[in-house]
Amino acid sequence: VFVCVLCFYERIGMPLQKVYMTHEVFLTGVLHALTTEKEEVMGLCLGSIDHETSVCRVWGICHLERSDRRTDRVEVSPEQLSLAAVEAERVTAATGRPTSVVGWYHSHPHMTCRPSHVDLRYQADMQMLDSGFIGLIFSVFNDDQHGKSRIQVHAWQSVEDLQPAASSHRGGSSSMAGMYGMGMTEAELLEFT
């Protein structure tokens, strides 16, 4: 059973319109994010990308060890990416379901689920591997204005902004001119959660 995480907005150069993940992936990602509120955690997403329908489906994730000492930074090494690709091949062989590395995820403890300028740059680099490559952010340990703890998941991609001034209200604000995270508005995120 898949749950729709996000419907992307139509935009030139935006390859995906929807991201689906299984309940198991959602719960595993949230539990991983909840393991620490002191630093970000990360992993890679396994599934498939259908470029004809502009849909990504995520049915597995691989937790990764942190390599960056800064608590607010995560980075996937080439070795980790290679091992995840081997795991995807193993899943394909075991299930007969074509599986590949389709994205990455990380947590934002005590922060919104909007991508940072570092996230945007890293996502743009990863999309050079496949234009459908996605990013997921699990925002945890984040209280709303009423003091209620809230967990949010945000699926996104980096896109070239054809009109930066007109659309700077979308996605994470960034010092990278012409690039922003495409996803839900804050109001849509509140409706979704």
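**Entry 1: Tyr20.** I looked up whether Tyr20 is buried or exposed. In this predicted model, Tyr20 has a relative accessibility of 19% and therefore counts as buried, since buried means under 20% relative accessible area. I placed Tyr20 in strand S2. I then noted a partner distant in sequence: Arg57 stands 37 residues from Tyr20 along the chain, yet their C-alpha atoms are separated by 4.8 Å.

**Entry 2: the largest nonpolar core.** I next asked which residues touch the most other members of the largest nonpolar core. I found Cys45, Cys56, Val58, Ile134, Leu136 and Phe138 in that role, within a core of 19 residues. I listed the elements that each supply at least two residues of this core: helix H1 (23–33) and the strands S2 (18–22), S3 (42–50), S4 (55–64), S5 (100–109), S6 (134–143) and S7 (149–160). Strand S6 gives the most, with 4 residues.

**Entry 3: Cys45 and a second core.** I followed the contacts of Cys45, leaving out residues up to four places away in sequence. Cys45 touches Val58, Gly60, Ile61 and Leu136, and also the run Ser100, Val101, Val102, Gly103, Trp104 and Tyr105. Apart from the largest core I recorded another core, of 18 residues, with Cys62, Ala84, Val101 and Trp104 among them.

**Entry 4: a nonpolar surface patch.** I turned to the surface and asked which residues make a nonpolar patch of about 250 Å². The patch is made by Leu31, Leu34 and Ile151. I located Leu34 in the loop between H1 and S3. Its relative accessible area is 34%, so I entered Leu34 as partly exposed.

**Entry 5: positive phi values.** I looked for the backbone angle of two residues that are not glycine. His110 has a positive phi of about 60°, and Phe141 has a positive phi of about 55°.

I found His110 in the loop between S5 and helix H3 (117–126). With a relative accessible area of 44%, His110 is partly exposed.

I found Phe141 in strand S6, the strand that gives the most residues to the largest core. Is Phe141 buried or partly exposed? At 24% relative accessibility I entered Phe141 as partly exposed, because the buried class requires a value under 20%.

Note on methods. Residues are numbered from 1 along each chain as its sequence is written. This is a predicted model: local features need pLDDT of at least 70, side-chain atom pairs count only at pLDDT 80 or more; totals for chains, interfaces and linings use all residues. Side-chain values use heavy atoms; hydrogens and water are left out. A nonpolar core is a set of buried Ala, Val, Leu, Ile, Met, Phe, Trp, Tyr and Cys residues joined through side-chain atoms within 4.5 Å. Buried means under 20% relative accessible area, exposed over 50%, partly exposed in between (1.4 Å probe, protein chains only). Contact means heavy atoms within 4.5 Å. Patches are made of residues with over 30% relative accessible area and no salt bridge: like charges are joined within 9 Å, nonpolar side chains (Val, Leu, Ile, Met, Phe, Trp, Tyr) within 5 Å. Accessible areas come from the Shrake-Rupley method with a 1.4 Å probe; for residues, only the protein chains shown count as cover. A salt bridge is a side-chain nitrogen of Lys or Arg within 4 Å of a carboxyl oxygen of Asp or Glu.
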